[in-house]
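Good morning. I have one structure to go through today, and I will take it in two parts. Please have a look at it before I start.

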Amino acid sequence: MRILFAVAPLTAHLYPSVPLAWALQSAGHEVRVASNDGLVEEITAAGLTAVGLGERTSPPAPITDEELDRFSDALGFEPGSDFDELWRATRYYLVAACKRYHPDGEGRPELADRLVEAARSWRPDLVIWDPACPAGAVAARECGAASARMMWGPDYFGWIRGRLAERMDDPASGVRADTDPLAATLAPVFGPYGHDFSEELLLGDFTVDPLPSQLPRPDGLRRVPMRWVPYTGAGPVPEWLARPPARPRVCLTLGVTGRTVHDGRDERVAAAFEAVAGMDVEVVATVNAAQLGTDLSVPDNVRIVDYLPLTQVMPTCSAVVHHGGFGTFFAAAVHRVPQMIVREDLGSGLNSTRYLEARGAGVTLHADGLTAAEVGKQLSRLLTEPSFQEGTAAIHADITAAPGPGELVPVLERLTAQYRERG
């Protein structure tokens, strides 16, 4: 059969789907991966066939505070509650993900049109799409394919949809179907193709979910569990990495996507460098020149590497310091590496830190007010306290309890036949 993956133009969204794409391809199925042209090189480097969708000729309309406030009012979370904190950490990114596929300034959907045209032309049997690429649902509908979401993190859209549906069932909330902000945000994506907003379009026929079952998720959705198999890019192994480290090795990484968010020196890097300067460790820091700034002193025991696949370095590490992204989290967890998450107010960090701490596999610090003394203290604990190794073993057991990508192939074949025939 033919399978089309549709992903938003971010490596953090592409990489979790690569092992499944490999498994399907190795089983004899035809696989293509569609995304903006900026991701084509990463797709082909992974040994997959890329379908470039071009780039927008004009940016989508900016996200306004008024739009975000409409969501906040409709959701009605108690101010200061855990759910309110999570929503405020993710709301901008959720709306931005949808608006990437809105019509441009001249009314042309562009990226969505190209994805739909690629699907109509190639006629895939199954479209597996990133929740941050809602046009993937339209592409599946337009070519009569089965429609599946592929998660790369928590199910934010399912969570928000469930909350809005709950509020619409409560007359006292004042939220009605005609005031649903999620439907309004997705109308410009679905509407040009004659499709009204629906839960089936938003959530697909089923969801491939690589997150361990111990993490929270919305109820009532058809999920296909899959083991998270880390893929973080590829490249030759450096000579220095092929040798066992003489001292405990610590990896410092703050994610590829985060490099575009921070402008100038990253104070998290500065605090970590100050902390490890006097420690008997070897640090591999995957940071670039912008994150270092112009005046940051690099300790003698720190090796700067602009980019290195985490799957190469993580098996040699005794600890990792990172931002909380799920790609890094699972690359470390699979190799049972204790973790220090330096969290900012971003969605993945909010979820991964609670899971990490509940399992006793690491510690969490907040980027605001971060000090070298606290980084050093907690890093020493990770390197010396046996309980953290026990915690990493627990998370590893959680991950490996799910079937691997290869085991999912016959499951996806059956589901594709079921939903494609229905279409």
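In this predicted model, helix H4 covers residues 65–75, and its buried residues are Glu-67, Leu-68, Phe-71, Ser-72, Ala-74 and Leu-75. How do these buried residues fall when H4 is seen down its axis? They lie within an arc of 170 degrees, so they line one face of the helix. The general background is this: an α-helix has 3.6 residues a turn, so residues three or four places apart point the same way.

Now turn to the other side of H4. Asp-65, Glu-66 and Asp-73 are exposed there. For reference, buried means under 20% relative accessible area, and exposed means over 50%.

What do the buried residues of H4 pack against? Their partners are H5, H8 and helix H9, which spans 181–190. After H4 comes Gly-76, with a positive phi near 65 degrees.

The second part is a pocket. The second largest pocket has a volume of about 510 Å³. It is lined by 21 residues, and the closest to its centre are Phe-83, Leu-86, Trp-159, Pro-216 and Asn-351. Which elements give two or more residues to this lining? They are helix H5 at 82–99, helix H8 at 156–168 and helix H16 at 347–359. H8 supplies the largest share, 6 residues. Sorted by class, the lining holds 11 nonpolar, 3 polar and 7 charged residues.

To link the two parts: H5 and H8 are among the helices that the buried residues of H4 pack against, and H5 and H8 also contribute to the pocket lining. That is the end of my part.

Note on methods
Residues numbered from 1 in each chain as written. Predicted model: local features only at pLDDT ≥ 70, side-chain atom pairs only at ≥ 80, totals over all residues. Heavy atoms only, no water. 1 Å grid on protein atoms, 1.4 Å probe; cavity = no way out; pocket = protein on both sides within 12 Å on 5 of 7 lines; lining within 4 Å. Points joined across faces, edges and corners; volume = space filled by probe spheres on them. Helix = DSSP H or I, 4+ residues; strand = E, 2+ residues; numbered from the N terminus. Nonpolar A, V, L, I, M, F, W, Y, C, P; charged D, E, K, R; others polar. Buried < 20%, exposed > 50% of the residue type's maximum accessible area, 1.4 Å probe, protein only. Arc of directions from axis to C-beta. Contact = heavy atoms within 4.5 Å.
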